[in-house]
Amino acid sequence: MKLSVVGLGKLGSPLLAVMASKGHNVIGTDLNRAFVQRLNEGIAPVIEPSLQDFLSKYRSNFKAVNDYESAILASDVTFVIVPTPSDPDGRFSNEYILQAVQQIGHSLRKKSSYHLVVITSTVMPGSTGGVIRKALEEASLRSVGQDVGLCYSPKFIALGSVIKNMLFPDVVLIGESDPKAGDLLEAIYRSVCENNPPVKRMNFVNAELTKIALNTFVTTKISFANMLSDLCQRLDGGDVDVVTSAVGLDTRVGHKYLKGTVAFGGPCFPRDNIALGALGKELGARMDLAYATQETNHYQSRRLLALADRYGQSKTMGVLGLAYKAGTHVAEASQGVAIANLLLENGYEVSVYDPMAMEEAKTRCHQGIRMAGSVQACVEESDVIFVMTAWPEFAQEITPSFLRKLEGRKVFIDCWRCLPRSTLGDICELVYLGCGNHLSCHAQQSMVTA
């Protein structure tokens, strides 16, 4: 199958690579000439695990161009995966989607064969069947459902595991203009996915709502676990890992994302939650749960600030972990960055470190925050250290021999409970977030799936 991908960023480039790995001929297009050049040289334009390996191995199956027309004319199906930034009211903007669809439509005037357009970016319910369909029909002079197909098919992925998530999705979601369009798109996914996932086909609006509803449910689950964490921390002998490991055994609940740690962040979860609330407000529907989830998430920073005030007598703080999650360099809506900035605003001296996200974090951290050169450097110049991201490097490099060389007794606020109390407990003050009497906290990470 001849495919094209519009947008070669954090999701577009992996999508191109995955499609190419299954024998499809793929043409990518992006206005960013650097992205196009790198792909044509076989170099990953963005950082994502396995992406470079896929691009190197399947280089003969893809190419990239800067113009829409050559990509559209040489393909049968186009995936549109461009940014949909949030408007001031929390809704997703269709600006870049509509620009792309108009370019696709104008290019379709020069070909007579059937073409399927797949919107992969997250959009508000009503968009695909409304302004997007209208823009495509007006630009192409074709009617959707006859000689051009239209589908809405967002991805359920996490940065740091994008390629794996695309190859082994839990579910494939297809909002379709008609059965012909849906059949073609399902066949493509069947040729790509390695786990034979369930394929849910429906109309546009239900697919659009499903996308943001699913992410909002996940954020609600995270906030529920953090609410339990706050309770456990106030109860003598309370241990959030013990509680959630038991609660998650019920098949109605499950362990995934039921781990009391830091607030959720990143480029998707916060804005999808807000978007669902904005949709409900516009339609007059009650969105109390979405709003409560968001408020609980905001509260987590105040929890951590209270711990800083309790243990931070010297006013010198360290933050380990600036990426919004381990395995990625992305620091957008990062809780590590958020607490670093909040600590600085409250008069503390702050030093930070992350294995991958230092460059991006520099643009997000307030001036005055020190960028440490290593895990150990951050610990050395701090008296209280927050572990905000579960990077394995932290447990590997914060060793008993290292801590014994330092002056004074360090305090670690371990939000992920990843530092071992068995070897470090006698050398430092190790405070596990979500544990009431932290001296007896079990931190049974093995029982919980993050």
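# A parallel sheet, two cores and some charged pairs

In this predicted model, 4 bridges join strand E9 to strand E12 (residues 384–387), and the two strands run parallel. Within that pairing, methionine 317 stands opposite valine 384 in E12. This is a good place to start a tour, since E9 has a partner to follow on its other pairing as well: 5 bridges join E9 to strand E10 (residues 349–353), again in parallel. There, leucine 320 has tyrosine 353 of E10 standing opposite. To get from E9 to E10, the chain passes through helix H13 (residues 335–345), and this β-α-β crossover is right-handed.

## The sheet around E9

Where do these strands sit in the wider sheet? They belong to an open sheet of 6 strands with parallel pairing, in the order E11-E10-E9-E12-E13-E14. Strand E11 (370–371) and E14 stand at the edges with a single partner strand each, so one side of each is left without a neighbour in the sheet.

How many residues of strand E9 are buried? In E9 (residues 316–320), 5 of the 5 residues are buried, so the strand is largely enclosed by the rest of the structure. In a regular strand the side chains alternate between the two faces of the sheet. In E9, Thr316, Gly318 and Leu320 point one way, while Met317 and Val319 point the other way, and all are buried.

## An enclosed helix

Helix H1 (residues 12–21) tells a similar story: 10 of its 10 residues are buried, so the rest of the structure largely encloses this helix. The buried residues of H1 include Gly12, Pro14, Leu15, Leu16, Val18 and Met19, along with Ser13 and Ser21. Just after H1, glycine 23 adopts a positive phi of about 90°.

## Two nonpolar cores

In soluble globular proteins, nonpolar side chains tend to be buried together. In this model, the largest nonpolar core has 53 residues, and Leu343 and Leu403 have the most contacts inside it. Helix H12 (residues 288–311) gives the most to this core, with 5 residues. What does leucine 403 touch? Not counting residues up to four places away in sequence, leucine 403 touches Val379, Ile398, Phe412, Leu424, Ile427 and Cys428. A second, separate core has 42 residues, among them Val5, Leu16, Phe54 and Val118. Leu16 in that list is also one of the buried residues of H1.

## Charged pairs

Side chains of opposite charge can pair when their charged atoms come close. The structure holds 21 salt bridges. Three of them are set out here, with the distance between the closest N and O atoms.

| Acidic residue | Basic residue | Closest N and O atoms |
|---|---|---|
| Glutamate 137 | Arginine 133 | 3.4 Å |
| Aspartate 250 | Arginine 252 | 2.8 Å |
| Glutamate 429 | Arginine 409 | 3.9 Å |

Glutamate 137 and arginine 133 both lie in helix H6 (residues 128–140), 4 residues apart, which is about one turn of the helix. Glutamate 137 counts as partly exposed because its relative accessibility is 25%, and arginine 133 is partly exposed with a relative accessible area of 27%.

For the second pair, aspartate 250 is partly exposed at 28% relative accessibility, whereas arginine 252 counts as exposed at 74%.

The pair of glutamate 429 and arginine 409 links distant parts of the chain, 20 residues apart. Glutamate 429 is in strand E14 (residues 429–432), while arginine 409 is in the loop between helix H17 (400–404) and strand E13 (411–414). Both count as partly exposed, glutamate 429 at 25% relative accessibility and arginine 409 at 45%. Elsewhere, salt bridges that share partners join Glu176, Asp183, Glu186, Arg190 and Arg201 into one network.

## A buried lysine

Is lysine 211 buried or exposed? With a relative accessible area of 3%, lysine 211 falls under the 20% limit and is therefore buried. Lysine 211 has its place in helix H9 (residues 204–233). Its side chain makes a polar contact with the side chain of threonine 122, at 3.2 Å. Leaving aside neighbours within four places in sequence, lysine 211 is in contact with Thr122, Tyr152, Pro154, Lys155, Phe156, Leu173 and Asp272.

Definitions and conventions
Residues numbered from 1 in each chain as written. Predicted model: local features only at pLDDT ≥ 70, side-chain atom pairs only at ≥ 80, totals over all residues. Heavy atoms only, no water. Buried < 20%, exposed > 50% of the residue type's maximum accessible area, 1.4 Å probe, protein only. Pairing = 2+ DSSP bridges. Right-handed = clockwise from strand over helix to strand, strands pointing away. Core = buried A, V, L, I, M, F, W, Y, C linked by side-chain atoms within 4.5 Å. Contact = heavy atoms within 4.5 Å. Salt bridge = Lys/Arg side-chain N within 4 Å of Asp/Glu carboxyl O. Polar contact = N/O pair within 3.5 Å; in protein donor to acceptor, adjacent residues only side chain to side chain.
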